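Reader: I am new to this structure and would like a close look at a single part of it. Could you take one packed region, go through it slowly, and then place it within the rest of the chain?

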Amino acid sequence: MEEELRTPKTDAVDDADDDDPPALSSHALAALQEFLKEQSQSLANHETVETEGGGTGPGSEVALVTEDWRLSQFWYDPETARTVAQEVLSLCSDSNYNVACIACPTLYAYLKNMDPNISVQLLEYDKRFEQYGSDFTFYDYNQSEDLPLELKHTYQVVVADPPYLSKECLEKVTQTISFLVQPQKSYLLLLTGEVQRDRAAELLGLYPCNFRPRHSSKLGNEFRLFTNYDPGERLGGWEQEN
Ligand SMILES: C[S@@+](CC[C@H](N)C(=O)[O-])C[C@H]1O[C@@H](n2cnc3c(N)ncnc32)[C@H](O)[C@@H]1O
């Protein structure tokens, strides 16, 4: 699902006088205009997402950086982001749980928007999210446990959305989840492809909910939300008794 970056060709007319201002051929000019149009459309489509209510403050606008498809970045659509964030807030409602978001920056942004006081750490590969200050931890799933020691066994709620649908990637992310979760009671949520159903059950004891995550860009893969707890009426319930 990667897309090659297209840059405009600069085949400037080279037989022009040195004194003349540089000029682009009509072909190069058309390519440049197309490139600039795509850039501005991409920014308009992806930079901010409206949430209910309008205005500023919690429940208003959630700012997102532009998707970088080379990093397998596909942001949730606003309804999905709100639904998953609401689920996490429900889990935290009676206790001051610490929440870890592994490779799901949209969820981090919605959680903070809906409850600025929530304790949430974003583990992410894309350093643009350093904008979140000490809430950001650089994370590469290939170094699954190369993380600050203060994060170890600190989180009662862990949500993960691995960048790839491979067995190897889910195994590595499983190691990260084990590093992060408090060994006693913890809530795990995994957003990934239907193809990971059996592995999610084997590795982490997770089962699919009826709620279907969606993305702002249309994806070919069927996505699911897996949990290690029965969500009851929420998230459409578990798909089947487990
Ligand atoms: C499928 S996207 C999940 C994003 C989620 N749908 C959201 O809206 O927040 C995968 C995420 O993995 C991150 N990522 C890419 N390469 C990674 C790596 N080597 N290690 C950890 N995370 C990586 C991407 O930056 C991206 O945020």
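Author: What follows looks at the packing of two helices and the core beside them, and then turns to other parts of the chain.

The model is a predicted one, and its protein chain holds five helices and nine strands. Followed along the sequence, these elements give the pattern α-β-β-α-β-α-β-β-β-α-β-α-β-β. Of the 242 residues in the protein chain, 28% are buried, and among the contacts between residues at least 6 apart in sequence, 57% join residues that are at least 24 apart.

The part to look at closely is the pair formed by helix H2, residues 78-92, and helix H3, residues 105-114, which pack at an angle of about 60° with their axes 9 Å apart. The crossing in which H2 passes H3 is right-handed. On the side of H2 the contact is made by Ala81, Arg82, Val84, Ala85, Val88 and Leu89, while H3 brings Thr106, Leu107, Tyr110, Leu111 and Met114. Sorted by class, the residues of this contact are nine nonpolar, one polar and one charged.

One residue of that contact, Leu107 of H3, leads on to the core. The largest nonpolar core has 47 residues, and Leu107 is among those with the most contacts inside it, together with Cys101, Ile102, Val158 and Val159. H2 gives the most to this core, with six residues. Around Cys101, if residues up to four places away in sequence are not counted, the residues touched are Leu107, Tyr108, Val120, Leu122, Leu123 and Val159.

Between strand S3, residues 98-102, and H3 there is a loop, and Ala103 is found in it. Ala103 is not a glycine, and yet its phi is positive, at about 60°. Ala103 is also buried, because 24 other C-beta atoms lie within 10 Å. A positive phi is found again at Leu235, likewise a residue other than glycine, where the value is near 55°. Leu235 lies in the segment after strand S9, residues 223-227, and it counts as buried because 21 other C-beta atoms are within 10 Å.

Returning to the region before H2, one comes to Asp68, whose place is in the loop between strand S2, residues 61-63, and H2. Asp68 is exposed, because 12 other C-beta atoms lie within 10 Å and a residue with 12 or fewer is counted as exposed. Leaving aside its neighbours within four places in sequence, Asp68 is in contact with Gln73 and Asp126. Asp126 is 58 residues away from Asp68 along the chain, and the C-alpha atoms of the two are separated by 9.2 Å.

A second helix pair can be set beside the first. Helix H4, residues 167-180, and helix H5, residues 197-204, have axes that come within 11 Å and cross at roughly 30°, so H4 is roughly parallel to H5. The crossing of H4 and H5 is right-handed. Here the contact is made by Lys167, Leu170, Glu171, Thr174 and Ile177 of H4 and by Arg199, Leu203 and Leu204 of H5. By class, the contact of H4 with H5 has four nonpolar, one polar and three charged residues.

Notes:
Residues are numbered from 1 along each chain as its sequence is written. This is a predicted model: local features need pLDDT of at least 70, side-chain atom pairs count only at pLDDT 80 or more; totals for chains, interfaces and linings use all residues. Axes are lines fitted to C-alpha atoms, for helices over the stretch in contact, and angles run from 0 to 180 degrees between N-to-C directions. Helices (H or I, at least four residues) and strands (E, at least two) are DSSP runs, numbered from the N terminus. A crossing is left-handed if the near helix is turned anticlockwise from the far one by less than a right angle, and right-handed if clockwise. Two residues are in contact if their C-beta atoms, placed from the backbone, lie within 7 Å. Ala, Val, Leu, Ile, Met, Phe, Trp, Tyr, Cys and Pro count as nonpolar, Asp, Glu, Lys and Arg as charged, and the others, Gly among them, as polar. A nonpolar core is a set of buried Ala, Val, Leu, Ile, Met, Phe, Trp, Tyr and Cys residues joined through C-beta atoms within 7 Å. A residue is buried if 20 or more other C-beta atoms lie within 10 Å of its own, exposed if 12 or fewer, and partly exposed in between; C-beta atoms are placed from the backbone. Angles under 35 degrees count as roughly parallel, over 145 as roughly antiparallel, 65 to 115 as roughly perpendicular and the rest as oblique.
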